[in-house]
Protein chains: 2
Amino acid sequence: MLNFTVGPVMSGEAVREIGSHQVPYFRTPEFSEVMFHNEQLILQFAKAPAGSRSVFITGSGTASMESVVMHVLSPRDKAIVINGGSFGARFVQLCSLHQIPHHEVKLNFCEPLTESHLEPLANQGFTALLVNMGETSTGVLYDMPMISRFCKQHGILLIVDAISTFLADPFDMASLGADVMITGSQKALACPPGVSIIVLSPRAIERVNANPDVCLYLSLKQALLNGERGQTPWTPAVGTLLQINARLNEIVAQGGVDAEVQRVRELARDFRSKIAGMPFEMASPAPQNGVTSLRTSGTSAYDIFTILKDEYHIWVCPNGGELRDHIFRVGHIGALTPSDNTTLVEAMKNMITRGLIK
Amino acid sequence: MLNFTVGPVMSGEAVREIGSHQVPYFRTPEFSEVMFHNEQLILQFAKAPAGSRSVFITGSGTASMESVVMHVLSPRDKAIVINGGSFGARFVQLCSLHQIPHHEVKLNFCEPLTESHLEPLANQGFTALLVNMGETSTGVLYDMPMISRFCKQHGILLIVDAISTFLADPFDMASLGADVMITGSQKALACPPGVSIIVLSPRAIERVNANPDVCLYLSLKQALLNGERGQTPWTPAVGTLLQINARLNEIVAQGGVDAEVQRVRELARDFRSKIAGMPFEMASPAPQNGVTSLRTSGTSAYDIFTILKDEYHIWVCPNGGELRDHIFRVGHIGALTPSDNTTLVEAMKNMITRGLIK
């Protein structure tokens, strides 16, 4: 199976090899060392400001999104939520559930966010802005420098879901003035799913310490406190945390975060050039490096997903809901190469020849 | 490393081999089949009453304990919580956080729970009882038939944390009249940590559907709904769920749940007979099959843990807090054999010879 979904993605050999080991007992100084190292490399790769911390939650990206909404925000906040797809909608749902007063900036499918969406919200008492840097459901990358300027100008806390963009698109937490970054193990980190990661700026840490815990399991106070000794409050996905360590070290050895972003960017460019002339339209005018959303014309997108899976043993990523028959996505994160792109493109060309893609 | 902790424990070869595979994309009919099978085997092994469901949460046992407190109970309940150690204390903490009125039955270290603790609580409007069937921090197995009689007699909902007893001690959810059972991937299931499992009786399902969601990520409504199509609401620890499937099938092939409980019981008996005459005292008068708690006399229990780890490459399980220097635990769950017991006992005898255990 060749996997072009946006998660879980393909893992490299070092990560898979660790998957075959016995999982060690973890309340040990040895495991704490691994966790200190994980925290330090995540902060370095996120270009987090001095005094930031990162914590590791055993759960999906949604677990970390909810933990942040529950513990960095409070009902005394007033938040702007950018909603350009299903992950933006999830932030809206979380703010509603946890009674965070919020205003939703609802975008049409693949519509870019511009200053004209934000300017009317200036000077209205907003305290936080939540955005999915890449709205993975559509493949749109938002204009982060523009969002950052707006937040800085108005003293608004910037919370960034970078789940599918971390290590794939340039991100500089300090220069953006972002206070929270969220990512997951199964995206560009290319490890098995099961762990999500939150980076908190000093300002976000202050808020966590001032707010009451809403959920014990997702408590950021507990995560920060236990992290001081290189531990987690509850039994974590120990094996996945060891795999994350191997992968972070691999990125260091291969030139660091900027080199990794460049590698993903080149892989995306390679794929996009290879599909020129095929009956697909790029759905996103501002695509993330990590994923290409393709609109089909004469063929159900879901059928393309199914045939590629069943007859060619290649996974692309289907969309759900209304877009199911119109959009499929091709990921460029994980252990993929230009030669893998060629394999996928050849399969799709073969489907065209067979009349299965029109 | 030979691992006698109570989790993560040693995994068998089939489970570890799956750990080396690429993790597949999971929004597929193929993965749904695996999940239907997982649900069905968990229900069968728990001896759950007809109409029960099981759901799989990516998170630790605490995540599932909290999910149950949040969504099976509500502030209109009045709960009895058995607190005989750190996991009982966790249920108390969760009930406090989520404003579930509760009465704590606080037991001394390794004190058995008897009818005399429960009888004074009859006819006082209690609606639920929460108990850790095995209080893993002390190794005590509670008298479940006695607790069950009390709950049945007074129409009280019985919530059982069986995290460290499922597949290790006999458990019959239907005959106990239990409404909730909780377990985890890294205990007798002998898979990597990262997944916890909740079995809900029809009565518990009704409560979940009647109560509002307190947490989206830990929503049992969402878990039940998505489980109907063999899926989870959020990206789960897909690899661990495939490993759980392999392990459940292995238990079927080896004679089923009763044979597995018998295997663990024999392994515990073997260890306990081999340490006769050594300067340890069995701490628990009613030990779980899955763990033996040992009280040391002349030597720090934590030092024994450290020396076994560093010099003999064997992990036993240290205790925290006040018990750190007095108690260590030896697990009997996971891929262990009588010959592994001998290796551990020989190492401890060698430490006695060296004057390191007195």
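What follows is a conversation between a visitor and a guide about a predicted model.

Visitor: What should I keep in mind about this model and its numbering?

Guide: The model is predicted, so local features need pLDDT of at least 70 and side-chain atom pairs count only at pLDDT 80 or more, while totals for chains, interfaces and linings use all residues. Residues are numbered from 1 along each chain as its sequence is written, chains are lettered from A and ligands numbered from 1 in the order in which they are written, and side-chain values use heavy atoms, with hydrogens and water left out.

Visitor: What makes the relation between chain A and chain B that of a two-fold axis?

Guide: Copies are superposed by least squares on the C-alpha atoms of residues with pLDDT of at least 70 in both. Here a rotation of 180° with 0.0 Å of shift along its axis brings chain B onto chain A, at an RMSD of 0.0 Å. That is the relation of a two-fold axis. The same surface serves both copies, as 100% of the contact residues of chain B recur in chain A; contact means heavy atoms within 4.5 Å.

Visitor: How do you know which strands are the edges of the seven-stranded sheet in chain B?

Guide: Strands are DSSP runs of E with at least two residues, helices are runs of H or I with at least four, and both are numbered from the N terminus. Two strands pair if DSSP finds at least two bridges between them. The open sheet has the order 2-10-9-8-5-3-4 in chain B, with mixed pairing. Strand 2 (53-58) and strand 4 (102-106) of chain B each pair on one side only, and these are the edge strands. The twist averages 15° from one strand to the next.

Visitor: What makes strand 2 and strand 10 of chain B a pair?

Guide: Six bridges join strand 2 of chain B to strand 10 (residues 195-200) of chain B, and the two run antiparallel. The requirement is at least two bridges, and six are found here. One of the partnerships sets B:T58 against B:V195 in strand 10 of chain B. Helix 3 (residues 61-71) of chain B packs on this sheet and touches strand 2, strand 5 (128-132), strand 8 (157-161), strand 9 (180-184) and strand 10 of chain B. Its direction makes about 30° with that of strand 10 of chain B. Helix 9 (residues 220-227) of chain B also packs on the sheet, touching strand 2 and strand 10 of chain B, with its direction at about 115° to that of strand 2 of chain B.

Visitor: Why are helix 2 and helix 10 of chain B called oblique to each other?

Guide: Axes are lines fitted to C-alpha atoms, for helices over the stretch in contact, and angles run from 0 to 180 degrees between N-to-C directions. Angles under 35 degrees count as roughly parallel, over 145 as roughly antiparallel, 65 to 115 as roughly perpendicular and the rest as oblique. Helix 2 (residues 29-46) and helix 10 (residues 238-253) of chain B pack at about 50°, with their axes 10 Å apart. The two helices are therefore oblique to each other. Their crossing is left-handed, meaning that the near helix is turned anticlockwise from the far one by less than a right angle, whereas clockwise would be right-handed.

Visitor: Which classes of residue make the contact of helix 2 with helix 10 of chain B?

Guide: There are 13 nonpolar, four polar and no charged residues. Ala, Val, Leu, Ile, Met, Phe, Trp, Tyr, Cys and Pro count as nonpolar, Asp, Glu, Lys and Arg as charged, and the others, Gly among them, as polar. The contact includes B:F31 and B:L41 of helix 2 of chain B, and B:L241 and B:N245 of helix 10 of chain B.

Visitor: And why are helix 11 and helix 13 of chain A called roughly parallel?

Guide: The axes of helix 11 (residues 257-274) and helix 13 (residues 338-353) of chain A come within 10 Å and cross at roughly 25°. This angle belongs to the class under 35 degrees, and the helices are therefore roughly parallel. The crossing of helix 11 of chain A with helix 13 of chain A is right-handed. Among the residues in contact are A:D270 and A:K274 of helix 11 of chain A and A:M348 of helix 13 of chain A. By class, this contact has six nonpolar, two polar and two charged residues.

Visitor: What makes the phi of A:Q99 worth a look?

Guide: Most residues other than glycine have a negative phi, and most peptide bonds are trans. Phi of A:Q99 is near 55°, a positive value in a residue other than glycine. A:Q99 sits in the loop between helix 4 (86-97) and strand 4 (102-106) of chain A.

Visitor: Which peptide bond of chain A is cis?

Guide: The bond from A:G7 to A:P8 is cis, with omega near -5°. A:P8 lies in the loop between strand 1 (2-3) and helix 1 (13-19) of chain A.
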